[in-house]
Each structure stands twice: as structure tokens, then as C-alpha cells.
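Grab your viewer and work through these short exercises. Each one comes with a solution, so try it yourself before reading on.

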Amino acid sequence: VGKFLAKRGPGLHHVAYRVADVAAALDALRAAGVRLIDEQPRTGIRGSRVAFLHPASTGGVLTEIVQPAEEH
């Protein structure tokens, strides 16, 4: 985010959408022809599972899909 702000100034960096199953969402997006940055989910903040979609497939906006960690 720091590099983004230094280069472009304040503004929207990315949007995030909550999903129930990030792996299933990635499979569906891949099948629909969406360009992915992350082919497999990775660990995000607070134990969530996340993946990013390429801005070229999402109207120029970096998009994150997030499966929150299960709450105990």
C-alpha cells in the first residue's frame, strides 16, 4: 500500500468481498475467465484466507476475496 500511495497519492487501493469458501470462489472465477493474481488462497490477516483478482479483469480495480477465519 505504501508504494501505491507514494506513486498515486491518496485514493482507492482495492476492494474486498467476503465469501464463504475462497477456494470455491477462485474455481468459479477461473472458470468464468477472470484473470487471477493468486491461483491458490493464502493466509491473510487474523487467520483469514484471501486471494486477489487482477485489475485487468475487474474494471481496473484490484479486488480481494476473503474467507474470514472461523470464530471460536
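**Exercise 1.** Find which backbone nitrogen the side chain of Asp38 reaches, and place Asp38 in its surroundings.

*Solution.*
- Start with the side chain of Asp38: it reaches the backbone nitrogen of Phe52 at 2.8 Å. Keep in mind that this is a predicted model.
- Next, look for a side-chain partner. The side chain of Asp38 also makes a polar contact with the side chain of Arg42, at 3.1 Å.
- Now locate Asp38 along the chain: it sits in the loop between H2 and E2.
- List its neighbours, leaving out residues up to four places away in sequence: Asp38 touches Leu26, Ala51 and Phe52.
- Finally, is Asp38 buried or exposed? The cut-off for buried is under 20% relative accessible area. Asp38 has 11% relative accessibility, so it counts as buried.

**Exercise 2.** Work out the strand order of the sheet and say which strands are at its edges.

*Solution.*
- Trace the pairings across the sheet. You get 4 strands in the order E1-E4-E3-E2, forming an open sheet with mixed pairing.
- The edges are then strand E1 (14–18) and strand E2 (42–43), each of which pairs on one side only.
- Zoom in on E1 and strand E4 (residues 62–67): they run parallel and are joined by 5 bridges.
- To pin down the register, take His14, whose bridge partner in E4 is Leu62.

**Exercise 3.** Determine where helix H2 packs, and which of its residues are buried.

*Solution.*
- First, get the packing. Helix H2 (residues 22–31) packs on the sheet, where it touches strand E3 (49–53) and E4. The direction of H2 makes about 20 degrees with that of E3.
- Then pick out the buried residues of H2: Val22, Ala25 and Leu26.
- Why do they end up on the same side of H2? Because they cover an arc of only 100 degrees around the axis.
- Check what that side faces: the buried residues of H2 pack against E3 and E4.

**Exercise 4.** Inspect both ends of H2: what does Asp21 do at the start, and what phi does Gly33 take just after the helix?

*Solution.*
- At the start of H2, a side-chain oxygen of Asp21 comes to within 3.1 Å of the backbone nitrogen of Ala23.
- Just after H2, Gly33 has a positive phi of about 90 degrees.

Technical notes:
Residues are numbered from 1 along each chain as its sequence is written. This is a predicted model: local features need pLDDT of at least 70, side-chain atom pairs count only at pLDDT 80 or more; totals for chains, interfaces and linings use all residues. Side-chain values use heavy atoms; hydrogens and water are left out. Two strands pair if DSSP finds at least two bridges between them. Helices (H or I, at least four residues) and strands (E, at least two) are DSSP runs, numbered from the N terminus. Contact means heavy atoms within 4.5 Å. Axes are lines fitted to C-alpha atoms, for helices over the stretch in contact, and angles run from 0 to 180 degrees between N-to-C directions. Buried means under 20% relative accessible area, exposed over 50%, partly exposed in between (1.4 Å probe, protein chains only). A polar contact is a pair of N or O atoms within 3.5 Å; within protein, one must be able to donate a hydrogen and the other to accept it, and residues adjacent in sequence count only if both atoms are side-chain atoms. The arc is that of the directions from the helix axis to the C-beta atoms.
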